[in-house]
Amino acid sequence: MTDIRLERINQAAEYVKNIIPDIKPLVGIVLGSGLGKLGELIEDRVVIPYSSIPNFAISTAVGHKGNLIYGKLGGKNVIAMQGRFHYYEGYPMEQVVLPIRVMSKLGIKYLFVSNAAGGVNFDFKVGDLMIITDHINTLPNPLIGKNMEELGPRFPDMTRPYDKKLIQMLEKVAASKGISMKKGVYYAGTGPTYETPAEYRYFRLIGADAVGMSTTPEVIAARHMDIPVMGISVITNEAHDDYAEDYANDGDDVVAAANSAAEKMNILVTTLISELE
Ligand code: HPA
């Protein structure tokens, strides 16, 4: 008997293939909060709204457009998610990671993930870009349930969640463009609340540099399928753990801060992708 979950992946992939019969993406891209602008740089593009793709959820998060975009970036074929699905929107994890599995079915060789995150590392400032070197996942693992052997092993290795070679390439590209980068560990919680001061302190204590509400499920799904991953967090707020009277975290500020880092992000990602084979 076929696995209904595999059927859902295949149906979505077939739908996309019907629209773009010669589709051959090298890189899959997930554009997070406020980072959707990069999608507009994709040339010769075909835009497919999530709402038209079988089994895709609807993007409800602020700053998430809800389009799958295929075309050329840095001269290479890419398929980008302009907006992602979050667990806090109420979707089961299978639906959160469905697009990653569909992109894999369509043939991606690399996955690039991006997000807006709160900086808990004291050295991080609003607008900084952080290369994700590792993560701490506290969302439900998307691989829970009967393993889909067709996709990957029951117990996937996570020793190299983010690809070392890709990190080195990113650092080189950043240096050549005069863009300074931080590096660090991304902590994923469920959201949708921002953290309490004690939680920010705790995450710093256990080794996190930035905190967000996404990304790790997608990375886990990609690593399950042995797809190399690279990721960048835009630091959109600095963790306030001093109970300051005059400060509050705000979703619109987060999207605005991510928007203002778009230029740097666009240069980095476009150049890096142009160097991938
Ligand atoms: N916490 C969680 N998610 C976030 C934050 C934060 O401080 N900033 C942007 N996304």
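This report covers the ligand site and the internal cavity of a predicted model.

## Basis

Local features in this predicted model need pLDDT of at least 70, side-chain atom pairs count only at pLDDT 80 or more, and totals for chains, interfaces and linings use all residues. Residues are numbered from 1 along each chain as its sequence is written, and side-chain values use heavy atoms, with hydrogens and water left out.

## Ligand shell

The ligand is surrounded by A116, A117, G118, Y194, E195, Y200, V211, G212, M213, T236, N237 and V254 (a residue counts if one of its heavy atoms lies within 4 Å). By class, seven of these residues are nonpolar, four polar and one charged (Ala, Val, Leu, Ile, Met, Phe, Trp, Tyr, Cys and Pro are nonpolar, Asp, Glu, Lys and Arg charged, and the others, Gly among them, polar).

## Contacts and cover

A polar side-chain atom of E195 is 2.6 Å from a ligand nitrogen atom, and one of Y200 is 2.6 Å from a ligand oxygen atom. V211 places a backbone N or O atom 3.5 Å from a nitrogen atom of the ligand. The protein covers 96% of the 260 Å² of accessible area that the ligand has on its own (Shrake-Rupley method, 1.4 Å probe).

## Cavity

The count is one cavity of 30 Å³ or more (on a 1 Å grid over the protein atoms alone, a set of points where a 1.4 Å probe fits but cannot get out). Residues lining the largest cavity include R84, F85, H86, M213 and E218; M213 is also one of the residues around the ligand. The lining has six nonpolar, three polar and two charged residues.

Key. Polar contact = N/O pair within 3.5 Å; in protein donor to acceptor, adjacent residues only side chain to side chain. 1 Å grid on protein atoms, 1.4 Å probe; cavity = no way out; pocket = protein on both sides within 12 Å on 5 of 7 lines; lining within 4 Å. Points joined across faces, edges and corners; volume = space filled by probe spheres on them.
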